[in-house]
Amino acid sequence: MSLFPHDLARILDMLRASGVFGTLDEPVLQDLASVLKLRFVGGGEMVCREGDVADMMFFVVSGRLRVSRRDKTNNLQLYNEIRAGESV
(Lines give C-alpha, C1' and ligand atoms only; values in the text may rest on other atoms or scores of the structure.)
Protein backbone atom coordinates (compact mmCIF):
# COMPACT_ATOMS: atom_id res chain seq x y z
CA MET A 1 0.00 0.00 0.00
CA SER A 2 1.57 3.29 -0.97
CA LEU A 3 1.09 6.26 1.26
CA PHE A 4 -0.59 9.51 0.35
CA PRO A 5 1.64 12.58 0.78
CA HIS A 6 -0.32 13.74 3.84
CA ASP A 7 0.04 10.29 5.43
CA LEU A 8 3.78 10.30 4.77
CA ALA A 9 4.05 13.76 6.33
CA ARG A 10 2.20 12.57 9.48
CA ILE A 11 4.46 9.54 9.77
CA LEU A 12 7.59 11.64 9.31
CA ASP A 13 6.39 14.11 11.96
CA MET A 14 5.79 11.23 14.37
CA LEU A 15 9.23 9.71 13.70
CA ARG A 16 10.95 13.10 14.14
CA ALA A 17 9.19 13.61 17.50
CA SER A 18 10.09 10.11 18.71
CA GLY A 19 12.73 9.78 21.42
CA VAL A 20 13.96 6.62 19.72
CA PHE A 21 13.85 7.59 16.05
CA GLY A 22 14.01 11.40 16.21
CA THR A 23 17.81 11.46 16.37
CA LEU A 24 18.19 9.68 13.02
CA ASP A 25 19.38 11.66 10.01
CA GLU A 26 16.64 12.91 7.70
CA PRO A 27 17.52 10.56 4.80
CA VAL A 28 17.23 7.59 7.19
CA LEU A 29 13.86 8.84 8.46
CA GLN A 30 12.66 9.23 4.86
CA ASP A 31 13.76 5.67 4.04
CA LEU A 32 12.10 4.29 7.17
CA ALA A 33 8.86 6.16 6.51
CA SER A 34 8.78 4.94 2.91
CA VAL A 35 8.64 1.26 3.96
CA LEU A 36 6.11 1.58 6.77
CA LYS A 37 2.59 0.31 6.18
CA LEU A 38 -0.26 2.43 7.44
CA ARG A 39 -3.02 0.45 9.13
CA PHE A 40 -6.22 1.94 10.45
CA VAL A 41 -7.54 0.19 13.55
CA GLY A 42 -11.04 0.65 14.87
CA GLY A 43 -11.91 1.06 18.55
CA GLY A 44 -11.78 -2.23 20.41
CA GLU A 45 -10.01 -4.03 17.56
CA MET A 46 -7.21 -6.36 18.66
CA VAL A 47 -3.89 -5.83 16.87
CA CYS A 48 -1.97 -8.69 18.50
CA ARG A 49 -2.37 -11.29 21.21
CA GLU A 50 -0.12 -12.29 24.07
CA GLY A 51 2.20 -15.02 22.83
CA ASP A 52 2.10 -13.92 19.15
CA VAL A 53 5.46 -13.98 17.41
CA ALA A 54 6.80 -10.41 17.33
CA ASP A 55 7.47 -9.87 13.63
CA MET A 56 6.49 -6.21 13.43
CA MET A 57 6.51 -2.96 15.36
CA PHE A 58 3.53 -0.66 15.85
CA PHE A 59 3.74 3.13 15.78
CA VAL A 60 0.68 4.96 17.04
CA VAL A 61 0.07 7.93 14.75
CA SER A 62 -3.18 9.02 16.39
CA GLY A 63 -5.41 7.67 19.12
CA ARG A 64 -4.10 5.05 21.54
CA LEU A 65 -3.63 1.33 22.04
CA ARG A 66 -4.51 -0.39 25.27
CA VAL A 67 -2.32 -3.23 26.48
CA SER A 68 -4.42 -5.70 28.44
CA ARG A 69 -4.89 -9.36 29.23
CA ARG A 70 -7.39 -11.61 30.96
CA ASP A 71 -6.56 -12.88 34.43
CA LYS A 72 -7.32 -16.39 35.73
CA THR A 73 -10.91 -15.39 36.49
CA ASN A 74 -11.33 -13.88 32.98
CA ASN A 75 -11.35 -10.27 34.21
CA LEU A 76 -9.75 -7.81 31.80
CA GLN A 77 -6.61 -6.23 33.30
CA LEU A 78 -5.29 -2.99 31.75
CA TYR A 79 -1.47 -2.83 31.83
CA ASN A 80 -0.55 0.16 29.71
CA GLU A 81 -1.72 2.62 27.07
CA ILE A 82 0.40 3.44 24.06
CA ARG A 83 -0.32 6.98 22.88
CA ALA A 84 0.21 8.88 19.63
CA GLY A 85 3.91 9.18 18.89
CA GLU A 86 4.83 6.08 20.89
CA SER A 87 5.77 2.67 19.56
CA VAL A 88 5.53 -0.90 20.72
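**Exercise 1. Pairing in the hairpin**

Which residue in β2 is the bridge partner of R69?

*Solution.* The structure is a predicted model, in which local features need pLDDT of at least 70 and side-chain atom pairs count only at pLDDT 80 or more, while totals for chains, interfaces and linings use all residues. Residues are numbered from 1 along each chain as its sequence is written, and side-chain values use heavy atoms, with hydrogens and water left out.

Begin with the elements, where helices (H or I, at least four residues) and strands (E, at least two) are DSSP runs numbered from the N terminus. The protein has 2 helices and 2 strands, in the order α-α-β-β from the N terminus on. Strand β1 covers residues 64-70 and is joined to β2 by 7 bridges, the two strands running antiparallel; strands are taken to pair if DSSP finds at least two bridges between them. Within this pairing, the partner of R69 in β2 is Q77.

**Exercise 2. The turn**

Describe the connection between β1 and β2, and state the backbone feature of N74.

*Solution.* The two strands form a hairpin with 5 residues between them. N74 lies in the loop between β1 and β2, and its phi is positive, about 70°, although N74 is not a glycine. To classify its surroundings, take buried as under 20% relative accessible area, exposed as over 50% and partly exposed as in between, with a 1.4 Å probe and protein chains only. With a relative accessible area of 52%, N74 is therefore exposed.

**Exercise 3. Two residues of β2**

Compare E81 with L78: what is the accessibility class of E81, and what is that of L78?

*Solution.* First, locate both residues: E81 is found in strand β2, residues 76-83, and L78 also has its place in strand β2. Next, apply the cut-offs: E81 counts as buried because its relative accessibility is 15%, whereas L78 is exposed because its relative accessible area is 52%.

Then examine the neighbours, a contact being heavy atoms within 4.5 Å. Leaving aside residues up to four places away in sequence, E81 touches R64, L65, R66 and E86. With the neighbours within four places in sequence likewise set aside, L78 is in contact with R66, V67 and S68. The C-alpha atoms of E81 and V67 are 5.9 Å apart, with their positions 14 residues apart in sequence; for L78 and V67 the C-alpha distance is 6.0 Å at a sequence separation of 11 residues.

Finally, consider polar contacts, which are pairs of N or O atoms within 3.5 Å; within protein, one atom must be able to donate a hydrogen and the other to accept it, and residues adjacent in sequence count only if both atoms are side-chain atoms. The side chain of E81 makes such a contact with the side chain of R64 at 3.5 Å, and another with the side chain of R66 at 3.1 Å.

**Exercise 4. From helix to strand**

How many Å separate the C-alpha atoms of V28 and L78?

*Solution.* V28 has its place in helix α2, residues 26-35, and is partly exposed because its relative accessible area is 40%. V28 and L78 are 50 residues apart in sequence and 35 Å apart in space, C-alpha to C-alpha. For scale, the C-alpha trace of the protein spans about 50 × 25 × 25 Å along its principal axes. Of the 88 residues, 18% count as buried.
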